[in-house]
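Here is a short briefing on the pockets of this protein, with a stop at one residue along the way. Have the structure open as you read.

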Amino acid sequence: MTDFKLHDIDSAPEDSKPLLEGSKKRMGMIPSLHAVMAEAPGVLEGYQTLHGLFTKTSLDANEQTVVWQSINVEHECHYCVPAHTGIAQMMKVPDEITEALRNETPLPDDRLEALRTFTLAVVRKRGNVTSEDLNAFYEAGYGQRQVLEVILGVAQKTMSNYVNHIAETPIDEPFKKFAWKKNS
């Protein structure tokens with residue numbers, strides 16, 4: 001058991017206070033992940049910045065969810081899989097996509113499956129993807145822009161997944177109903 005502090009606005013370092021205030025204003029709460037990251041203001045700011053940038057990519061809500069959840073499931077993130085299940089519902093991502101991602105079963109759309117396959121290749125091969133990996137991604141209708149955007153998503157989720165593993169971040173109340181464990 002780790003003892004990472006869950007900061008609130010009062011306990012957070014000075015440079016994290018406005019970041020937590022922004023989280024509370026946008027989400028109506030301070031997510032536990034943000035409360036942990038607040039200990040290092042640059043980490044919280046970096047994560048929030050990457051998140052904001054990733055949501056502005058050329059990827060639509062379904063595709064963003066595929067990237068996020070593919071990484072979360074691969075990293076077995078006890079916090080991010082439930083959180084992004086709830087976020088996917090808010091983004092109106094079809095439940096069949098979310099369930100396929102959580103259960104590592106085929107997605108209902110070949111293009112989305114190609115996105116998941118490429119995202120996992122980037123993660124598993126630590127960026128050393130093959131020309132075959134790239135060609136399959138391109139044949140599904142994606143381009144170099146989306147290759148780079150997947151890398152942005154990997155950077156964001158690596159930050160959160162690793163923090164959650166080390167800090168054993170507790171799942172936020174609204175997402176507890178989406179608790180998840182990787183299928184054996």
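The largest pocket holds about 600 Å³ of space, in what is a predicted model. Five elements each give two or more residues to its lining: α1 (17-27), α2 (32-37), α3 (41-54), α5 (80-90) and α9 (144-167). The second largest pocket offers about 170 Å³.

**Largest pocket**
- A total of 25 residues line the largest pocket.
- If you want to centre your view, Met27, Pro31, His34, His51 and Ile87 are the lining residues nearest the middle of the largest pocket.
- Helix α5 makes the largest contribution to this lining, with seven residues.
- By residue class, the lining of the largest pocket has 14 nonpolar, eight polar and three charged members.

**Second largest pocket**
- The residues lining the second largest pocket are Glu74, His75, Val122, Val123, Arg124, Arg126, Gly127, Val154, Thr158 and Tyr162.
- Both α7 (110-124) and α9 supply at least two residues of that lining.
- Here the split is four nonpolar, three polar and three charged residues.

**A look at Ser70**
- Ser70 is part of helix α4, which covers residues 61-74.
- Is Ser70 buried or exposed? Its relative accessible area is 4%, under the 20% cut-off, so Ser70 counts as buried.
- Leaving aside residues up to four places away in sequence, Ser70 touches Thr65, Leu101, Arg116, Thr119 and Leu120.

How values were computed
Residues numbered from 1 in each chain as written. Predicted model: local features only at pLDDT ≥ 70, side-chain atom pairs only at ≥ 80, totals over all residues. Heavy atoms only, no water. Helix = DSSP H or I, 4+ residues; strand = E, 2+ residues; numbered from the N terminus. Buried < 20%, exposed > 50% of the residue type's maximum accessible area, 1.4 Å probe, protein only. Contact = heavy atoms within 4.5 Å. 1 Å grid on protein atoms, 1.4 Å probe; cavity = no way out; pocket = protein on both sides within 12 Å on 5 of 7 lines; lining within 4 Å. Points joined across faces, edges and corners; volume = space filled by probe spheres on them. Nonpolar A, V, L, I, M, F, W, Y, C, P; charged D, E, K, R; others polar.
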